[in-house]
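Welcome! Here are a few exercises to work through with the model open in your viewer, each followed by a worked solution.

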Amino acid sequence: MSASEPTVEELLPDLDALRTALDDVDYLAGDGTVVALFCAARLAQPVLIEGEPGVGKTEAAKSLAAVLRTPLVRLQCYEGIDVAEALYEWNYPRQLLGIRLAEARGTDLTEDALFGEQFLIARPLLAALRHPGPRPAVLLIDEVDRADDDFEAFLLELLGEGAVTIPELGTIRATRAPIVVLTSNRTRELHDALKRRCLFHWIDYPSAARAAEIVRRRVPGSSRLLAEQAARTVERLSTGSRRSNCSVCAPSTVPRSTEPLARC
Ligand SMILES: Nc1ncnc2c1ncn2[C@@H]1O[C@H](COP(=O)(O)OP(=O)(O)OP(=O)(O)O)[C@@H](O)[C@H]1O
Ligand SMILES: [Mg+2]
């Protein structure tokens, strides 16, 4: 690797380096989150992050990708998501066209050619496995608890072995094993098999001081007073009712005025 393209190890020599780098991209991580992201990046171990809505689970993966200057490949899970949307799909119109062209030329398109690379559409999981580098992609499997049991089972090979199997092509191993971050809101319990393959981290509500700092960094033009008020609101609501789904807001969800900053 050239001097201009540092490795993950060079970019993240230790926990402090990661904490500082996250801070530089305006992600304020607690100690546990720093350790979890460090292990994901340096030990090539998938990490499952759970926590209440808005505590920064998705943002953690995005920020790690920014820190590593590598693509974030995001798979947003939902009920009914399947392999065709997550891993790969065959380009049927192109296959048909290929067959017609071969017929017109008086040649045959063999089955191997028909199910070859040129007709394969790579979805997020495959794209992450095949990311050529220089550093591995960060693969965010977001809100995995929304997917069905079958899909969770399908993820096991990827999480455990950094590989996926496509029946027509065989097993595809990662060029550079992606750094995998899964998130869940615990709308349902995940299977033990999946949990066994991941490190686990729970992100708690931020302290009032950190919440204020997050608002200050993330909301353009916010005053100190406003940030403190927002932080107090988050703290009051989060300790008052853990079920109230309060959170620190993203800039896109925060009105520019002095509207309340808790998303509940
Ligand atoms: N620790 C943090 N540092 C900086 N910004 C944060 C942090 N936590 C939350 N935020 C801000 O809050 C927003 C919401 O965070 P995010 O979308 O990551 O929450 P989430 O935990 O994934 O929520 P959900 O469960 O609803 O998907 C982010 O866009 C970011 O602006
Ligand atoms: Mg999220």
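## Exercise 1: one side of a helix

In helix 11 (residues 208–218), the buried residues include A211, A212, I214, V215 and R218. They lie on the same side of helix 11, because the arc they cover around the axis is only 160°. Here the arc is that of the directions from the helix axis to the C-beta atoms. Buried means that 20 or more other C-beta atoms lie within 10 Å of the residue's own, exposed means 12 or fewer, and partly exposed is in between, with C-beta atoms placed from the backbone. Helices (H or I, at least four residues) and strands (E, at least two) are DSSP runs, numbered from the N terminus.

A word on conventions before you go on. This is a predicted model, in which local features need pLDDT of at least 70 and side-chain atom pairs count only at pLDDT 80 or more, while totals for chains, interfaces and linings use all residues. Residues are numbered from 1 along each chain as its sequence is written, and chains are lettered from A and ligands numbered from 1 in the order in which they are written.

## Exercise 2: the chain as a whole

**Task.** Find how many helices and strands there are in the chain, and what percentage of its residues is buried.

**Solution.**
- Step 1: the chain holds twelve helices and nine strands.
- Step 2: of its 264 residues, 33% are buried.
- Step 3: take the contacts between residues at least 6 apart in sequence; 73% of them join residues at least 24 apart. A contact requires C-beta atoms, placed from the backbone, to lie within 7 Å.

## Exercise 3: building the sheet

**Task.** Work out the order in which five strands form an open sheet, and which strands are at its edges.

**Solution.**
- Step 1: start from strand 1 (residues 47–51), where four of the five residues are buried.
- Step 2: strand 1 runs parallel to strand 8 (residues 179–184), and four bridges join them. Strands count as paired if DSSP finds at least two bridges between them. In this pair, L48 stands opposite L182.
- Step 3: strand 1 also pairs with strand 9 (residues 199–203), in the parallel sense and over five bridges. There I49 faces H201 as its opposite residue.
- Step 4: strand 2 and strand 5 (residues 138–142) run parallel and are joined by five bridges, with V73 opposite L139.
- Step 5: the order is 2-5-8-1-9, with parallel pairing. Strand 2 (72–76) and strand 9 are the edge strands, as each pairs on one side only. From one strand to the next, the twist averages 20°.

## Exercise 4: helices across the sheet and against each other

**Task.** Which strands does helix 3 (residues 31–42) lie across, and at roughly what angle does its axis cross that of helix 4?

**Solution.**
- Step 1: helix 3 lies across strand 1, strand 8 and strand 9, at about 150° to strand 9. Axes are lines fitted to C-alpha atoms, for helices over the stretch in contact, with angles from 0 to 180 degrees between N-to-C directions.
- Step 2: helix 4 (residues 57–68) lies across strand 1, strand 2, strand 5, strand 8 and strand 9, at about 170° to strand 5.
- Step 3: the axes of helix 3 and helix 4 cross at roughly 55° and come within 11 Å. T33, L37 and A41 of helix 3 make the contact with A60, L64 and L68 of helix 4.
- Step 4: helix 3 and helix 4 are therefore oblique to each other. Under 35 degrees counts as roughly parallel, over 145 as roughly antiparallel, 65 to 115 as roughly perpendicular and the rest as oblique.
- Step 5: for helix 2 (residues 15–24) and helix 3, the axes come within 10 Å and cross at roughly 105°. That makes helix 2 roughly perpendicular to helix 3. L15, L18 and R19 in helix 2 meet V34, V35, L37 and F38 in helix 3.

## Exercise 5: the surroundings of Q76

**Task.** Is Q76 buried, exposed or partly exposed, and which residues is it in contact with beyond its neighbours within four places in sequence?

**Solution.**
- Step 1: locate Q76 in strand 2.
- Step 2: Q76 has 15 other C-beta atoms within 10 Å, so Q76 is partly exposed.
- Step 3: apart from neighbours within four places in sequence, Q76 contacts D142 and E143.
- Step 4: Q76 and L140 are 64 residues apart along the chain, and their C-alpha atoms are separated by 8.0 Å.

Definitions and conventions: Contact = placed C-beta atoms within 7 Å.
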